[in-house]
Amino acid sequence: MAKNELKETLLEKHYYENCPGCKVDQRKEVQQGFPIKELLSIWTIVLCTALPISSLFPFLYFMIRDFHIAKREEDIGYYAGYVGSSFMLGRALTSFFWGLVADRYGRKPVIIIGTSAVVIFNTLFGLSTNFWMAICTRFLLGSLNGLLGPIKAYASEVFSENYQALGLSTVSTSWGIGLIIGPALGGFLAQPAEKFPALFSSTSVFGRFPYFLPCFSISVFALVVTIASFWLPETLHTHNIKSVSCDDLYGNLEAASCGSEGDKKEHEERESTSIGSLVTNWPLMSSILVYCVFSLHDMAYTEIFSLWAVSPRKFGGLSYTTENVGEVLAISGIIVNGVTRDIRSVMIERTELSIRVSNIYEYVL
């Protein structure tokens, strides 16, 4: 009986004075009303991350053509594929790393670094003068922009339990809106000296770099988001229970949960099999695979359609302008956004159910 009472006492919340995560938890307990400030913060950060992904597709064909790297006009799509995939390659290689950084040093530094990368490398991409500069800037932009995972963790931590579902849905909604606005910006703002000669002369910076204006507009927005991110509250808990090993609390915890050598071995075995149980959890892995396949088709459609639509009719294309491609991608993005949210909702529900079943199974054993 005394042991159960001790465990209940240990489960009570203890706040640390210099811990930013504890300050956020305390603020959530006394918070009243709708968290509009936190909602707008997450919405703008995710939008800043999503805009550079698809904004280049309406004008990518013309950019590669102006680089004069393709010996034949039919080969422009071949080189465009490298530029389009370099961003995702960099993100795939570094996403796990940025997740570790966010868990160790905080979510806020990763957010600031990610938005700052958009400001710097998206601007440099618009100023690219050759094929390799375009690839390097896009690859570095993807490598330093590992926000998607940490921002989901931030959304689940900065909101109270009543609004956590709203916070996570804000991430997916803002991401989808970015994939709608991005192609529209790239399509309407590319080659401004040809479309708006009264506003932009051919000798201006926007005339000499015809694809700089859409990148510059996104970078200006990202700069505002970066400056505002310095006032974001950090949600990571920085206190370390091991640092108070001589305290009575740690001694009681050790006596209550790790009193025997057998309990310690059981705890270590359970931790070692946790990763394996996730990998062998078929409902969880199947939902992840379905989402991966859907994401592959989504990005493939966005890039392949853009290249096909702007290709000349003699090569089987549609001879669309950047404006036409931006309009089509923006309209189709509305439908894709709705389907994406449904798939994400199903994936989250199946993941939560799988984890609960695994926890029940481990508890019974």
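pLDDT is the predictor's confidence in each residue, from 0 to 100. This is a predicted model, in which local features need pLDDT of at least 70 and side-chain atom pairs count only at pLDDT 80 or more, while totals for chains, interfaces and linings use all residues. Residues are numbered from 1 along each chain as its sequence is written, and side-chain values use heavy atoms, with hydrogens and water left out.

**Confidence**

Colour the chain by pLDDT: the mean is 77, and 76% of the residues reach 70 or more. Select residues 241-264, where pLDDT stays under 50 and the model has 16 contacts (heavy atoms within 4.5 Å) beyond four places in sequence. Select next residues 351-365, where pLDDT likewise stays under 50 and the contacts beyond four places in sequence number eight.

**Helices α5 and α7**

Helices (H or I, at least four residues) are DSSP runs, numbered from the N terminus. Two packed helices are described by the angle between their axes and the distance between the axes. The axes used here are lines fitted to C-alpha atoms, for helices over the stretch in contact, and angles run from 0 to 180 degrees between N-to-C directions.

Display α5 (76-105) and α7 (131-143). Their axes are 6 Å apart, at an angle of about 25°; the two helices are therefore roughly parallel to each other (angles under 35 degrees). The crossing of α5 and α7 is right-handed (the near helix is turned clockwise from the far one by less than a right angle). Show the side chains of the contact: from α5 these include Y79, F87 and W98, and from α7 they include F131, R138 and F139. By class, the contact of α5 with α7 comprises twelve nonpolar, five polar and two charged residues. In this division Ala, Val, Leu, Ile, Met, Phe, Trp, Tyr, Cys and Pro count as nonpolar, Asp, Glu, Lys and Arg as charged, and the others, Gly among them, as polar.

**Helices α6 and α8**

Move to α6 (residues 107-126), whose axis comes within 10 Å of that of α8 and crosses it at roughly 135°. That makes α6 oblique to α8 (an angle outside the ranges under 35, 65 to 115 and over 145 degrees). The crossing is left-handed (the near helix is turned anticlockwise from the far one by less than a right angle). Here R107, V110 and I111 in α6 meet P150, I151, A153, Y154 and E157 in α8. The contact of α6 with α8 has six nonpolar, no polar and two charged residues.

**L147**

Select L147, in the loop between α7 and α8 (148-158). L147 is buried (under 20% relative accessible area), at 1%. Beyond its neighbours within four places in sequence, L147 is in contact with I45, T49, V110, I111, G114 and T115. Its C-alpha atom is separated by 9.3 Å from that of I112, 35 residues apart along the chain.

**E38**

Go to E38 in helix α3 (residues 36-54). E38 is buried, with a relative accessible area of 19%. Leaving aside neighbours within four places in sequence, E38 is in contact with Q31, V158 and F159.

**H68 and Q191**

Select H68, in the loop between α4 (57-67) and α5. H68 has a positive phi of about 60° although it is not a glycine, and counts as exposed (over 50%) at 69% relative accessibility. End at Q191, in the loop between α9 (164-189) and α10 (192-195). The phi of Q191 is also positive, near 50°, in a residue other than glycine. Q191 is buried, with a relative accessible area of 10%.

Conventions: Buried means under 20% relative accessible area, exposed over 50%, partly exposed in between (1.4 Å probe, protein chains only).
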